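Me: Could you take a close look at one part of this model for me? I would like to focus on its pockets.

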Amino acid sequence: HYWAIADLDKMDWFWFGLNFYDSRYFSFPGYLHVDEGKADASNKMIYVETQETFSNQHAKDGEWMDIKVDILPLIKKAVCLAKEKGSLKDVRFENMKIISTNLGFEMMGNFDAAFMLRKLRLVGK
């Protein structure tokens, strides 16, 4: 699950993600890099939290994976780390808002896949 999070006053933003499944890893190790290297790249920072942060389960065929996480402190951490890497220089965390979101899998190759969500909630404070 990825969110684009922006400081609209500064017109700067980044991707924040929780990776529920990636065919390359048993447990996703986390990620902090700039989205670059292809024509449609955003050239914005991508921060993806380690899987152990939000679940001790792993995606398995036919089984539910329970996830419960307070993303606000993780987003704050991501902003600090991005600033350390030279991104989001002028943004103020207090001004940041979620501007878009998307869900999916990271699957390298040709696969048939589907997932089902239940009880998805995002509660603002």
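How do the residues of the lining of the second largest pocket divide into nonpolar, polar and charged?

Reply: Happy to help, and please keep in mind that this is a predicted model. The lining of the second largest pocket divides into 13 nonpolar, 4 polar and 3 charged residues. That makes 20 lining residues for a pocket that holds about 500 Å³ of space. Nearest its centre lie Tyr2, Tyr31, Ile46, Val48 and Glu106. As for secondary structure, strand E2 (12-18) and strand E4 (45-49) each contribute at least two residues to this lining.

For context, here is the largest pocket. It contains about 1,700 Å³ of space. Its lining is made up of 44 residues, and those closest to the centre are His1, Phe20, Ile67, Leu117 and Leu120. Two or more lining residues come from each of strand E1 (2-7), helix H1 (71-84) and strand E5 (96-102). By class, this lining has 27 nonpolar, 4 polar and 13 charged residues.

One more residue can be placed relative to the second largest pocket. Gly109 sits in the segment after E5. Gly109 counts as exposed because its relative accessibility is 56%, and the cut-off for exposed is over 50%. Ile46, one of the residues nearest the centre of the second largest pocket, is 63 residues away from Gly109 along the chain, and their C-alpha atoms are separated by 22 Å.

Notes. Residues numbered from 1 in each chain as written. Predicted model: local features only at pLDDT ≥ 70, side-chain atom pairs only at ≥ 80, totals over all residues. Heavy atoms only, no water. 1 Å grid on protein atoms, 1.4 Å probe; cavity = no way out; pocket = protein on both sides within 12 Å on 5 of 7 lines; lining within 4 Å. Points joined across faces, edges and corners; volume = space filled by probe spheres on them. Helix = DSSP H or I, 4+ residues; strand = E, 2+ residues; numbered from the N terminus. Nonpolar A, V, L, I, M, F, W, Y, C, P; charged D, E, K, R; others polar. Buried < 20%, exposed > 50% of the residue type's maximum accessible area, 1.4 Å probe, protein only.
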